[in-house]
Amino acid sequence: MSVRSTGTPRTEVIADAALALLAERGMRGLTHRAVDEAAGLPQGSTSNYARTRLALLEAAVRRQAEREADVLNPAELPDPAAGRDRLAAGLALALHRYLTGDNRQLLVSRYELALEATRRPELRAYYDAAGAQFREPLEALLRAAGSPAPELHTLSLVAWCDGLMFSCVAGSYHATAPALEELQRGAGELLRGMLGD
């Protein structure tokens, strides 16, 4: 399972290999030696970059956030003035991208890291900071869309998205991703409840 690609910085190759291992083997399968092998690098390369397991996990969380930003891209969400339907369509598109193709494995690595952060307070800060880069723009968007309780509505929207993604990747709905239209309808219903008609 070599993830090495020409021209990619070594730090990125190592972090990508760590994420691939987390998705494939879980937390127990993440070792410096396994990352070297998965990345197609000489033994000891990962240790030179991330001396400790915590440093390797922090690198994985940072890379996870970078890759999730490419998939979810909060900047792509429409202007709140465009209306609730456009906002629902933007959310649905981001979710659909996440639930199809290789991005499903990115969710599995996220769940592994989230669980590890519950057991490692020192990793929690990295994980929470990564999550804030998605939560804060979403809260600003809901505020601009007229939410009377943007913090609470952000929590509800994030919980709905996270629950849907978990169910469709690791839960009982894992076999089939919802169609884009279904996601848009669900997001629209949730936003209607928050923002009214």
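What follows is a walk through the helix packing, the nonpolar core and a few individual residues of this structure. Keep in mind that this is a predicted model.

Let's start with the core. The largest nonpolar core holds 54 residues, and the members that touch the most other members are Leu30, Val35, Leu91, Leu99 and Leu113. Many helices feed into this core: H1 (10-25), H2 (32-39), H4 (53-72), H5, H6, H7 (121-144), H8 (150-169) and H9 (180-195) each supply at least two residues. The biggest contributor is H5, which gives 8 residues. For a feel of how one of those well-connected members sits, take Leu91: leaving out residues up to four places away in sequence, Leu91 touches Leu77, Leu138, Leu157, Ala187 and Leu191.

Now follow the chain from H5 into H6. Helix H5 covers residues 84-99 and helix H6 covers residues 103-119; their axes come within 6 Å and cross at roughly 85°. With angles of 65 to 115 degrees counted as roughly perpendicular, H5 and H6 are therefore roughly perpendicular to each other. On the H5 side, the contact is made by Arg97, Tyr98 and Leu99, while H6 brings Asn103, Arg104, Leu106, Leu107 and Arg110. Sorted by class, that contact of H5 with H6 has 4 nonpolar, 1 polar and 3 charged residues.

H6 also packs against H8. Here the axes are 10 Å apart and the angle is about 110°, so H6 and H8 are roughly perpendicular to each other as well. From H6, the residues involved are Arg104, Leu107, Val108, Arg110 and Tyr111, and they meet Asp162, Met165, Phe166, Cys168 and Val169 in H8. The contact of H6 with H8 divides into 7 nonpolar, no polar and 3 charged residues.

Two of the residues in that contact deserve a second look. How many aromatic pairs does the structure have? The count comes to 1 aromatic pair. In general, a pair of aromatic rings is described by the distance of the centres and the angle of the planes. For Tyr111 and Phe166, those values are 5.2 Å centre to centre and 70° between the planes, an edge-to-face arrangement. The pair links distant parts of the chain, as Tyr111 in H6 and Phe166 in H8 are 55 residues apart. Is each partner buried or exposed? Buried means under 20% relative accessible area, so Tyr111, at 16% relative accessibility, counts as buried. Phe166 comes in at 40% relative accessibility and therefore counts as partly exposed.

Finally, hop back to the H1 end of things, where two small residues reach over to other parts of the chain. Ala23 is found in helix H1 and, at 16% relative accessibility, counts as buried. Setting aside neighbours within four places in sequence, Ala23 is in contact with Gln105, Val108 and Ser109. By contrast, Ala23 and His153 are 130 residues apart in sequence and 30 Å apart in space, C-alpha to C-alpha. A little further on, Gly26 has its place in the loop between H1 and H2. Gly26 is buried too, with a relative accessible area of 11%. Not counting residues up to four places away in sequence, Gly26 touches Leu21 and Glu112. Gly26 and Arg104 are 78 residues apart in sequence, with 15 Å between them in space, C-alpha to C-alpha.

Conventions: Residues numbered from 1 in each chain as written. Predicted model: local features only at pLDDT ≥ 70, side-chain atom pairs only at ≥ 80, totals over all residues. Heavy atoms only, no water. Axes fitted to C-alpha atoms, helices over the stretch in contact; angles between N-to-C directions. Helix = DSSP H or I, 4+ residues; strand = E, 2+ residues; numbered from the N terminus. Parallel < 35°, antiparallel > 145°, perpendicular 65-115°, else oblique. Contact = heavy atoms within 4.5 Å. Nonpolar A, V, L, I, M, F, W, Y, C, P; charged D, E, K, R; others polar. Core = buried A, V, L, I, M, F, W, Y, C linked by side-chain atoms within 4.5 Å. Buried < 20%, exposed > 50% of the residue type's maximum accessible area, 1.4 Å probe, protein only. Phe/Tyr/Trp six-rings, centres within 6.5 Å; stacked < 30°, edge-to-face > 60°.
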